[in-house]
Amino acid sequence: MQERRAAERVRVDLNARWEALRTEGRGAVCDLSSLGCFVLTRAEVSRGELIRLEINFPAKLALVWGQVVYAPAEIGFALRFAFGGEDDRRLLEELIKSLH
C-alpha cells in the first residue's frame with residue numbers, strides 16, 4: 001500500500017485537551033505530524049467538526065485548530081490542522097523537531 005501522507009509522522013505520547021462546539025475532553029496525542037494528529041480519547045465528534053486542541057509538549061503548550069478527518073467510536077479522532085498563518089505552522093514544526 002502506498003503511503004499517502006505528505007508529512008513525516010512521529011509516534012508520541014503527549015497529554016492534550018480539546019474543545020468542540022458541544023463537547024470537550026482530555027486525551028493523548030499518539031501520532032503527530034506538521035499537518036495533523038490522532039488523539040486517543042473517548043470522544044463523540046463528527047467528521048468535519050472544528051476542534052481546538054492544546055498539546056502539552058515538554059517545552060511548551062501548543063494551541064492548534066483542526067478539522068476532524070475521521071473518528072472511530074470510543075478510540076479517538078484524527079485531526080487535520082488548520083493554521084492561522086505560516087508562523088503557527090513553523091512553531092508546531094519546531095516543537096515536533098524538539099521531540100527527536
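Q: Before we look at the hairpin, what counts as a strand, and when do two strands pair?
A: Strands are DSSP runs of E with at least two residues, numbered from the N terminus, and two strands pair if DSSP finds at least two bridges between them. The model is predicted, with local features needing pLDDT of at least 70 and side-chain atom pairs counting only at pLDDT 80 or more, while totals for chains, interfaces and linings use all residues. Residues are numbered from 1 along each chain as its sequence is written, and side-chain values use heavy atoms, leaving out hydrogens and water.

Q: OK, how many residues join β1 to β2 in the hairpin?
A: The hairpin runs through 4 residues, and β1 (residues 10-19) pairs with β2 (residues 24-32) in the antiparallel sense over 8 bridges. Within that pairing, Arg11 stands opposite Asp31 of β2.

Q: And which residue in β4 is the bridge partner of Glu19?
A: That is Arg52, and β1 and β4 (residues 50-56) pair in the antiparallel sense over 4 bridges.

Q: Switching topic, which residues of β1 are on its covered face?
A: Val10, Val12, Leu14, Ala16 and Trp18 make up the covered face, whereas Arg11, Asp13, Asn15, Arg17 and Glu19 lie on the uncovered one. In a regular strand the side chains alternate between the two faces of the sheet.

Q: What does Val29 touch?
A: Taking contact as heavy atoms within 4.5 Å, and not counting residues up to four places away in sequence, Val29 touches Val12, Asp13, Leu14, Ala16, Cys37, Phe38, Val39, Leu53 and Ile55.

Notes: Buried < 20%, exposed > 50% of the residue type's maximum accessible area, 1.4 Å probe, protein only.
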